[in-house]
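Student: Please take a close look at the salt bridges here, one pair at a time. After that, set them against the rest of the fold.

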Amino acid sequence: MNHAASAVKALAFDVFGTVVDWRGSVAREVAMIAKHMNIQVDALAFADTWRAGYAPAMDRVRKGELPWMHIDSLHRMILDSIVDQFGLSRLSEEQRVNLNKVWHRLTPWPDTVAGLHALKKQFTITTLSNGNFSLLTAMAKNAGLPWDCIVSAELFKHYKPDPETYHGVAGLLNLPIEQVMLCASHPSDLRAAKAQGMRTAYVMRPFEFGEHVPLPKVEAGEFDFVAQDFVDLARQLAT
């Protein structure tokens, strides 16, 4: 194990996009709903549009324009704002509630579960996600994600990239922040964590936004580790 890895006691994982395939999962459920309703919907575009509202909605909470709202509530707010655009205004309240919970049922990437089990042998593994606690708990149960614990931004009433989230997970684990490594597919999240003193591992997810969307640019040596997937990360951290 190299020096950077030997100093780390816990791995904290971003979830949406890093651990699970939100785009494919949402699109599949929307496509099934559209088929049942006998209407045509661009399911991938629907997933992209729903996700596109995520960061702006969180920023409104972070800036105090909205009171604290957890992600389920923000997702529902965004959902209600886009159904007309995609011809899904006939969705009943029951259908909207169920569709909103698709975020609880997201499918892991093919390497995720095996990779997490391998990493769990070496480190404490936890989420550090903007997803709310109940969402992350349901997702873990549904997808078989072997977390040692679940840490949600909801616990701190702050969303990433607020510093309180990164210091918060270290505090809950009773570790110095430099002994916690954030594992994420989003360089902006990693940069914010690094600025607070966390170690960082960039995990590439080339299909998060679709096969034709290029990976974000990162500088050589910007993060402690760069991995193709979780299995690759486990291999690197063990050497």
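Tutor: R60 has a relative accessible area of 35%, so this arginine is partly exposed. Its partner in a salt bridge is E65, with 3.8 Å between the closest N and O atoms. E65 counts as exposed because its relative accessibility is 52%, just past the 50% cut-off for that class. The model is a predicted one, and the distances and areas quoted here are computed from it.

A second pair is R199 with D224, where the closest N and O atoms lie 3.3 Å apart. R199 belongs to strand β6, while D224 sits in the loop between β6 and β7 (225-227), so this salt bridge ties together parts that are 25 residues apart in sequence. Both ends are partly exposed: R199 has a relative accessible area of 22%, and D224 is at 32%. Elsewhere, R76, D80, E93 and R96 are joined into one network by salt bridges that share partners.

The third pair is K160 and D14, whose closest N and O atoms are 3.1 Å apart. K160 is in the loop between α8 (133-143) and α9, and D14 is in the loop between β1 (10-13) and β2 (20-21), so the bridge ties together parts 146 residues apart in sequence. Here K160 and D14 are both buried, unlike E65, which is exposed. In total the chain has 15 salt bridges.

Now the nonpolar interior. The largest nonpolar core holds 64 residues, and L11, F13 and W50 have the most contacts inside it. Helix α2 (residues 22-37) supplies the largest share of this core, seven residues. L11 also shows what such a position touches: beyond its neighbours within four places in sequence, L11 is in contact with L119, F123, T124, I125, T126, M181, C183 and L237. A separate core of 17 residues lies apart from the largest one, and L128, A170, V180 and L190 are among its members.

L190 leads to helix α10, which spans residues 187-195 and has P187, D189, L190, A192 and A193 as its buried residues. These buried residues pack against α9 (163-172), β5 (180-184) and β6 (199-203). R199, the arginine of the second pair, is in β6, one of the elements that α10 packs against. Just after α10, G197 adopts a positive phi of about 105°.

Helix α9 also contains L172. L172 counts as exposed because its relative accessibility is 51%. Together with F133 and L155, L172 makes a nonpolar surface patch of about 280 Å².

For the chain as a whole, there are 11 helices and seven strands, and 52% of the 239 residues count as buried. The accessible surface is about 10900 Å², with 55% of it belonging to carbon and sulfur atoms. Among contacts between residues at least 6 apart in sequence, 67% join residues at least 24 apart. The radius of gyration is 18 Å, which agrees with the value near 18 Å for a compact globule of 239 residues. Along the principal axes, the C-alpha atoms fill a box of roughly 55 × 35 × 35 Å.

Key
Residues numbered from 1 in each chain as written. Predicted model: local features only at pLDDT ≥ 70, side-chain atom pairs only at ≥ 80, totals over all residues. Heavy atoms only, no water. Buried < 20%, exposed > 50% of the residue type's maximum accessible area, 1.4 Å probe, protein only. Helix = DSSP H or I, 4+ residues; strand = E, 2+ residues; numbered from the N terminus. Contact = heavy atoms within 4.5 Å. Patch = residues over 30% accessible without salt bridge, like charges linked within 9 Å, V, L, I, M, F, W, Y side chains within 5 Å. Areas by Shrake-Rupley, 256 points an atom, 1.4 Å probe, with all protein chains shown as cover. Salt bridge = Lys/Arg side-chain N within 4 Å of Asp/Glu carboxyl O. Core = buried A, V, L, I, M, F, W, Y, C linked by side-chain atoms within 4.5 Å. Rg over C-alpha atoms; globule rule 2.2 N^0.38 Å.
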